[in-house]
Each structure stands twice: as structure tokens, then as C-alpha cells.
Amino acid sequence: MLRTVHSPDEAIATLSDQGVQRGIPVGIVAHGASVGFAVGDHTITVEEADAYRCVDAVERSLRPRWVMWSGTTAGALVRNNIRVATAWDVAAVHRLLAGGWRNDPARVWAYLHGLDRRHTPVAGQLDLMGGDAGDDGDQPIRPDGYLRAEWVDGIWQRSPADAAAWASVALMAASLQSKQLQALTTSGAVAGDAEATARAESTAELLCAELAHDGLPIDRLAAVELISSLVGPRPQNDADAAEGRRRRDAAVFAHLSSAAGVDLRNPADVKAMLRRVGIDVPDTRAWRLEGMRSVHPVVDALLAWRKEERIATTFGHTWLAEHVGTDGRLRGAWSASDGAAGRMTAQAGLHNLPAELRDVVVAEHGHVFVRADLGQIEPRVLAAVSGDEALRRATQDDDLYAPVATRLGVERSVAKIAVLAAMYGQTSGTAGQALRGMESGYPVAMKFLDAAAQQGQAGINIRTYGGRLVRVGEVTDGDFRGAAAAARGRYARNAMVQGAAAELFKVWAVTVRARLGDLDARIVLCLHDELLLHVREDHAHEVVALLDRCLGEAAHRWHPTSGVRFVTDTSIVRSWADAK
DNA sequence: TGCGGCTATTG
DNA sequence: CACAATAGCCGCAG
């Protein structure tokens, strides 16, 4: 049944009649000025002028769980100044269920309908192949049961007046949500609460849309000054830029009798150059050259050149112009779950900003940053997901490595190496010795890690505590013992820890987001184990307390019975650089 | 033009 | 360098 509503009040009444209330799923698609809703088999379109006002009204009075195909809709909502509390992101939940990174609508549809993914329609095919079966190209589902590749993502090309098409997209999202809910309860052995993970990962998509929209506060003038002091003023043209490169290169070449034919940007040239001054190295990475500064002055000059070159090429004037707006906000695209284990990732340097540039990340007038990071999150998460009682006891200490050192009878530094080596799968060097103590001291945790590594080596996919499928890749040529298998083993071993840590972190982040309420405070950066909030000065202490409370709440939601203690280090600062 | 290698930065 | 990521420049294959 398709129905068009004309006002916020009518939208609330209509959805309310359909039983919508707090937490009840409502499909939504939003793009540009258009919005469509769906509840059960009822689809509701909203007159364009009222579209976002209706969403806002429904959110305020009913607060449903908005079911969306992807972060595209979340972005449209945020751009229209609407921040909804909760979501179900079909694409994000698909990545959780099926692993990997692909989450286009046709593929998600095929997965949930048991269709062979190898025949999934691909965008750009224009359905020329599907059109020969006598079907109607204006229907979302092809006669063979597959979803047309561009039906969902191409919805924005349709007129807002094509109500049936908009409504169908919202309705399909809602119907897939119930299929995903079903799949989550039957998707193999998941130790944790996969449905709770799906909710948190979905809400993290909302947070990502907000992070991309809000940006990170930067003191633009200070940034220009700092960059200029390091690499000079911004080049005005290509010749200017080339002159800058020559000037930087000359500082290195000054230490050589002949620099003919040396391109400092070519590692092979650099290696040859070093050999000519009596330095023979297998590669020219900084850590390898670090101890050779005294051998020849060119080493020192080269390492300084690398620093300068990095600023000039990656974090220089071009970066500033491209990613920092005139409003002094650094913006980049955010992904809520990426890579092997489902960590958040960010572009535009938000996740790998050199420490020396953190000086220019400065709170705006009347505001401060509240920065909080989780201490030793990975070993604490390992204690929780493995259920190792001895390691759980160690988490009661502020410094987990102290009781581990006592138990192993070694120095703290050795204990730390041992724990990290266990989680990363390192076996060489000093780690080998330290690991033997781990086997007897923390056998449950070690067996947990070894089991993951063995699955990885055998090419068997694994699931994290929260239920994310981690694909470890095919085993080729029956290679169960070679270097490739060993690498898969380390990958799987670490993914179980890093992936679970990412899940806990996101529960924490979305809990903080939910509990901020009317405080003038927003999360402006997520960095794996660290949250940075931009907060009005007089709310700072309240936010500090809230971060700690939310960690307790998040840890309990994530793993209600672990008994593991998680700790956070929180500070109030003007500049990001002032923290720690 | 796309891709792997090398390098740097971050957690 | 033991795990994960983003990003730029180079050489090389197509």
C-alpha cells in the first residue's frame, strides 16, 4: 500500500498507526530533497518540501530504528541537519555477516536470497543481458530473482514524483533487515551478541556521516605558518614547486662529491648513493639508517630530507587546501568498518597525521577538546574473548603488564613484548623466549590464539567475538605449511583480537554519542582506541565523567560477563598535541 | 593507466 | 621489523 503524506503530523500519525514506536524498524531512503519511508508492507512517500521535516518529526516523537541501505542515506540526513538516534545499515550488517568489503545492493540481495553471488548483476551492465527474458526493465527484481544493480544506488536519478520507485527502495531495505536479523541468529558459532554488534556497527555509520560532515577543528593560520616554516611558502606554479624540490635535494647533495644521476625519490638510487660512501644496506628505511648517522653526514641530511619531503608532498600546502575548509575544519571520508578486522578508517590524513602537526588541531573559541583513550585495549579484549581467568585478573590492574611480569617472572618490558608477540604471532628474536612463559602462564588465552592461527593457516574463515566474518583467503596448492600459510595464521590470530577491540571501541563511541544529549559536545575524531570530543568549555568536566560511565556501559553491553576491567585515560586540552 | 614495491605516518 | 591502516612517488607492464 502506497500512501503520500503531506505534513510532519500526518507522517507521525501514519507511522504510529502502523505500530511504529521506539526501536521499531522503519525503512528509509534519502537523497537530495527526496525521502521515502516503509513500514511492513506500507510505503510512505513524503512531499518534497516536507521531506526532512517529516523525518525530524518522526524521529523526535517516535524514535524508530531507521533502516537504510547504506551511509548514503545517513549522509543525506546529516546534510539536512538531522541526526537520528539509531539505525540499521544494511550494507554494514552485510559486511559483518559475509565478510569482505563488497556491499552493493545487488550483492546483498543475492546473499540474503541464497542466490549464487557469481551471477550477481554488476552496475554498468545496463541490464542489457537481463532485458532479453521478456521482463519489464522498470521492475527492481529481475525474472531470475536478482536485484537490478542500479535500482537502489541509482534511485537519485529518478524524479521525486516517481513515488513507487522511491518507496520500493525503502521497502526493500526494511525487508532485508528482517532477513539479516534472521541470518545473524543462524550465522555459525558467534560467541558474542551478533545482533547487538549489527546495531552498533550501523549506528557507527551514522557517526561516520557526522564525522565527515563536522570535520576536525584546525587552526588554519597556524597550520599555514607551521608548514611554511618546514617547507617554505606555498609554491605558486610548477616551476616554483620544482625549485623547491631542487633546494631540498641540494641540502643532501652538498655532502657528496658527486650527485650525478642520483634521484632521492628512487630507493635504488639512494641505496647506490649510500654504497658509494661506504654504507651497504639491504634497504634504506629510516630505522635501518638511524644508527648510521655518524658514519657519514649524508645519512643525517637524507633523513632530514625525508621528513621535509613528507610534509611537502603529503601534509603540506596542497593537503591543507584540499582537506581543510575555510571554516577551519579538516574533513575526510570515513568508513565505519574496513580492512581485515573491521576497524574504522579515515582519509585525508585523519588517521595518520604526523605528531608534529597535532599542534594545529586546536579547539574553537569557547571550546576545548576532551580526549580519552583506552589503555591496553588489545590484551584486555583478549582476556575477555578468550575467557582466560589469569589474564582477566591481570586486567584489574591499571597496568596489565605489571601482574603479567610477576606471573612470568620477567621484567615488565619483556612481559609486554611477550603479550604483543602472542597477539601478533611473532616468534623471532627475544619474543620467542618470552612466549614460553605465556604458554604456561596464560594457557587459555594462548590456546584461543593458536586455534585462530590454525584456522587461518588451513584457510578456514573465522568470526570475531561480535560475529564479523573474517575471510582468510583460499589455500593454494595445498600449501598448509609455507610462508603464505604462516602469514594467514598471523592475520587470523590478530584479527580475532583487533576485530573484537574494534567492536568494543565502536560500542563505546556510539554509547558516548547517544549519551551526550543536550551537552554542547561532539565526537570529532575516532582513532582505534581514542576518542576526541569538541566540547563547550563549561561542559568539559561533565563530558570527562560521561566518557568513563559510557565505557562501563559499553563494556557491559559488549560482553556482559567477562569481568574484564577496561581503563581510560582522559584529559581536557586546547590542542590535540597537549594530550599525553 | 594500473599495479607492485618502497617509504613514511598513525594505532 | 610482529598486526592493521592511508598516502605519495617510482619503475614497469600493458
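At what angle do the axes of helix α3 (residues 71-79) and α7 cross, and within what distance do they come? The tour of this predicted model opens with that pair.

**First stop: α3 and α7**

Select residues 71-79, which form helix α3, together with α7: their axes come within 9 Å and cross at roughly 50°. That angle makes α3 oblique to α7. Viewed along the contact, the crossing of α3 and α7 is right-handed. To display the contact itself, show G71, A74, G75, V78 and R79 on α3, and E205, L206, A209, E210 and H213 on α7. Coloured by class, the residues of this contact divide into four nonpolar, three polar and three charged.

**Second stop: the largest pocket**

Keep α7 selected, since α7 (194-214) also helps to line the largest pocket. With nine residues, α7 gives the most to that lining. Next add α2 (51-61), α20 (483-515), β14 (521-526) and α21 (540-558); each of these elements likewise supplies at least two lining residues. To centre the view, select A85, V510, R513, A514 and R515, which lie nearest the centre of the pocket. The full lining comprises 44 residues, and the space in the pocket is about 1,400 Å³. By class, the lining residues divide into 17 nonpolar, eight polar and 19 charged.

**Third stop: α20 and α21**

Two of the elements that line the pocket, α20 and α21, also pack on each other. Their axes come within 8 Å and cross at roughly 130°. Angles over 145 degrees would count as roughly antiparallel; at roughly 130°, α20 is therefore oblique to α21. The crossing of α20 and α21 is right-handed.

Now show the side of α20 in the contact: A500, E503, L504, V507, W508, T511, V512 and R515. Opposite them in α21 are L546, L547, C550, L551, E553, A554, A555, R557 and W558. Twelve residues of this contact are nonpolar, one is polar and four are charged. R515 deserves a separate selection: this residue of α20 takes part in the contact with α21 and is also among the residues nearest the centre of the largest pocket.

**Last stop: α10 and α12**

Finally, move to helix α10 (residues 267-276) and helix α12 (residues 297-313). Their axes lie 11 Å apart, and the helices pack at an angle of about 160°. That angle makes α10 roughly antiparallel to α12. As for handedness, the crossing of α10 and α12 is right-handed.

Which residues of the two helices meet? Select V270, M273 and L274 in α10, then V298, V299, L302 and R306 in α12. This contact has six nonpolar residues, no polar residues and one charged residue. The charged residue is R306 of α12.

Terms used: Residues are numbered from 1 along each chain as its sequence is written. Chains are lettered from A and ligands numbered from 1 in the order in which they are written. This is a predicted model: local features need pLDDT of at least 70, side-chain atom pairs count only at pLDDT 80 or more; totals for chains, interfaces and linings use all residues. Side-chain values use heavy atoms; hydrogens and water are left out. Axes are lines fitted to C-alpha atoms, for helices over the stretch in contact, and angles run from 0 to 180 degrees between N-to-C directions. Helices (H or I, at least four residues) and strands (E, at least two) are DSSP runs, numbered from the N terminus. Angles under 35 degrees count as roughly parallel, over 145 as roughly antiparallel, 65 to 115 as roughly perpendicular and the rest as oblique. A crossing is left-handed if the near helix is turned anticlockwise from the far one by less than a right angle, and right-handed if clockwise. Contact means heavy atoms within 4.5 Å. Ala, Val, Leu, Ile, Met, Phe, Trp, Tyr, Cys and Pro count as nonpolar, Asp, Glu, Lys and Arg as charged, and the others, Gly among them, as polar. On a 1 Å grid over the protein atoms alone, a cavity is a set of points where a 1.4 Å probe fits but cannot get out, and a pocket is an open set with protein on both sides within 12 Å along at least five of seven lines; lining residues have an atom within 4 Å of a point. Grid points are joined across faces, edges and corners, and a volume is the space filled by probe spheres set on the points.
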